[in-house]
Amino acid sequence: MNRLIITFLLALSFIQMVLPLNVFAETEASKEDLLKQRMSLYVQFEDMLVPWYFLAAIDQYERNIQAVRKDIPSREGVVAIRFSDEYWAGPFNPLIQDNSPTTIDYFGGMGLDGDKDGVADAENDIDIIYTMASYLSHYGPSEADFKKALWDYYTNETIVNQVLAIASLYKKYQDINLEQYTFPVALGYNYTFKGTWGANRGWGGRRIHEGTDIFADYGTPVLSASYGVVVTKGWNKFGGWRIGIRDHHNSYHYYAHLSSYAKGIEVGDIVKPGTVIGYVGSSGYGSEGTSGKFPPHLHYGIYKFNGRYEWAYDPYPSLLQWERTAKAQLKKN
Ligand SMILES: [Zn+2]
C-alpha cells in the first residue's frame, strides 16, 4: 500500500470525525466515498492471503449489530470492527489500553501495528483491519479455514452463518455496494396490500401477524426484494411452501404461501433484487400440500438478527418505498 494513499485515507477519516456526521451522511457521493475507503482498507492486506470479502463480511456483520444493539456503541470510523481491551492488549496486561506492540505481544495480546507508526492503536482503522487479517491468516485462505476462524472468534452458529452469507454475496458480486431493493411482487400484475402488522391470525392459535400480505392472483411472480442467500426452502405448516433469504444487513426475508418455486432455485443459491424465486399461491395452514384455505397472497416478513436473537419488524414502510422505486424504475425503462 502506497504511503501517500494511507495518508490520504487518514486525512479523510479525520475530516469525517471533525465535521458533523450529517454533512457526510446526506449525499450519495459521500456514501460512495465511504464505501471506497472501506474497500481500500480491505484489499490492502491481500498479500497476507486473506480474501478481502472475508474482512469485509466480518466488518459488515459488526456494523449491522452496532446499528441495532444499545449495549454495543457504534464505532465512529471507516470500519466497524472493534476488539475488547483484553483481546487487544492481552488478558494479563496491567495496562488495559496498552498500545505498545512489544508489551502487547509480551502479554499475549492480539493488537498489531498495521500502518507501521510504532503504535498498535485499537482505534485505528488500519491497525484494526491488519489485526483481523493477521488472525484470519493463521487459519488459511479457504472458506473452510474462514469458517473455522469464525467459529473460534464468535462461538455461535447463527453468527457464523450470517457472516458466511455476507462473504458469499461480496465474493459473488465483487462489491460491497449492494444497497438496492425492489418490491417483491412483479409490477404489471394486479396486487393490493396494506399495513396489517400485529393483526390477529385466522389459524394456529394466538399468534400475531408478523408481516405484510400482498394479495395477488395465483401464479404472479414473487421476486427477491434484496441481495441474499437462499437459506430455507420447503414446507412449513403455517407458511406452506416458503423461501427464506438472508441478506448482508443481518435480515432474513420470509416469503410464504407460494403455489410453486422458481425452476431450479435451491438452498445456497445467491439472488439479487428482482430474481424470481416463486409464484403467489395459498399454500399452508395444514399438512404438506394444503392449499386454498384463504385467498392467494404473498406473505412477506423480515426478521433482524442482532447477534443474540432474531425479531420481526414491520416491513410495510419498506414495501411502500420499494414499490415507489420499482415504479420509477419501470417508467425510466
Ligand atoms: Zn400474512
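## Working through strands, helices and a core

A hairpin connects E4 to E5 by way of three residues. Helices (H or I, at least four residues) and strands (E, at least two) are DSSP runs, numbered from the N terminus. Everything here comes from a predicted model, where local features need pLDDT of at least 70 and side-chain atom pairs count only at pLDDT 80 or more, while totals for chains, interfaces and linings use all residues. Residue numbers start from 1 along each chain as its sequence is written.

### Exercise 1: Get an overview

Task: work out how many helices and strands the chain has, and how confident the predictor is.

Step 1. Count the elements: you should get ten helices and ten strands.

Step 2. Look at pLDDT, the predictor's confidence in each residue, from 0 to 100. Its mean over the chain is 91, and 90% of the residues reach 70 or more.

Step 3. Find a weak spot. Over residues 17-25 pLDDT stays under 50, and the model has four contacts for them beyond four places in sequence. Two residues are in contact here if their C-beta atoms, placed from the backbone, lie within 7 Å.

Step 4. Check how far contacts reach along the chain. Of those with a separation of 6 or more, 57% are between residues 24 or more positions apart.

### Exercise 2: Pair up the strands

Task: find which strands pair with E4 and which with E8.

Step 1. Know the rule: two strands pair if DSSP finds at least two bridges between them.

Step 2. Start with E4 (residues 228-236). Seven bridges tie E4 to E5 (residues 240-246), running antiparallel, and Asn236 sits opposite Gly240 in E5.

Step 3. Now try E7 (residues 270-271). E4 and E7 pair in the antiparallel sense too, over two bridges, with Ile270 in E7 as the bridge partner of Val229.

Step 4. Move to E8 (residues 276-280). Strand E3 (residues 221-223) joins E8 antiparallel through three bridges, and Val222 has Gly278 as its partner in E8. Strand E6 (residues 251-261) also runs antiparallel to E8, again with three bridges, and there Leu258 stands opposite Val280.

Step 5. Check how covered E8 is: four of its five residues are buried. Buried means 20 or more other C-beta atoms within 10 Å of a residue's own; 12 or fewer makes it exposed, anything in between partly exposed, with C-beta atoms placed from the backbone.

### Exercise 3: Size up two helices

Task: compare the spans of H7 and H9 with what you'd expect, then see which residues are buried.

Step 1. The expected span of a helix is 1.5 Å times one less than its number of residues. H7 (residues 125-137) has 13 residues and reaches 18 Å from its first C-alpha to its last, close to the 18 Å expected.

Step 2. Do H9 (residues 157-173) next. Its 17 residues should span 24 Å, and the end C-alpha atoms are 25 Å apart, which agrees.

Step 3. Ten of the 13 residues of H7 are buried, so the helix is largely enclosed by the rest of the structure. Among them are Asp125, Ile129, Met132 and Leu136.

Step 4. In H9 the buried residues include Ile159, Val163, Leu169 and Tyr170. The buried residues of H9 pack against H4, H8 (143-154), E4, E5, E7 and E9 (297-305). Just after H9 comes Gln174, with a positive phi near 50°.

### Exercise 4: Locate the core

Task: say where the largest nonpolar core lies, and why.

Step 1. A nonpolar core is a set of buried Ala, Val, Leu, Ile, Met, Phe, Trp, Tyr and Cys residues joined through C-beta atoms within 7 Å. The largest one has 71 residues, and those touching the most other members are Phe54, Leu55, Ala57, Ile129, Val163, Val222 and Tyr255.

Step 2. Helix H4 (residues 52-68) gives this core its largest share, nine residues.

Step 3. Domain bounds come from an automatic or database domain assignment. Domain 1 (3-82 + 122-173) and domain 2 (191-332) both contribute residues, so the core lies between them.

Step 4. Zoom in on Leu55: leaving out residues up to four places away in sequence, Leu55 touches Tyr42, Val50, Ile129, Met132 and Ala133.

### Exercise 5: Place one lysine

Task: is Lys233 buried, exposed or partly exposed?

Step 1. Find Lys233 in strand E4. Lys233 has 19 other C-beta atoms within 10 Å, so Lys233 is partly exposed.

Step 2. List the contacts of Lys233 beyond four places in sequence: Ile243, Tyr261, Glu266 and Val267.
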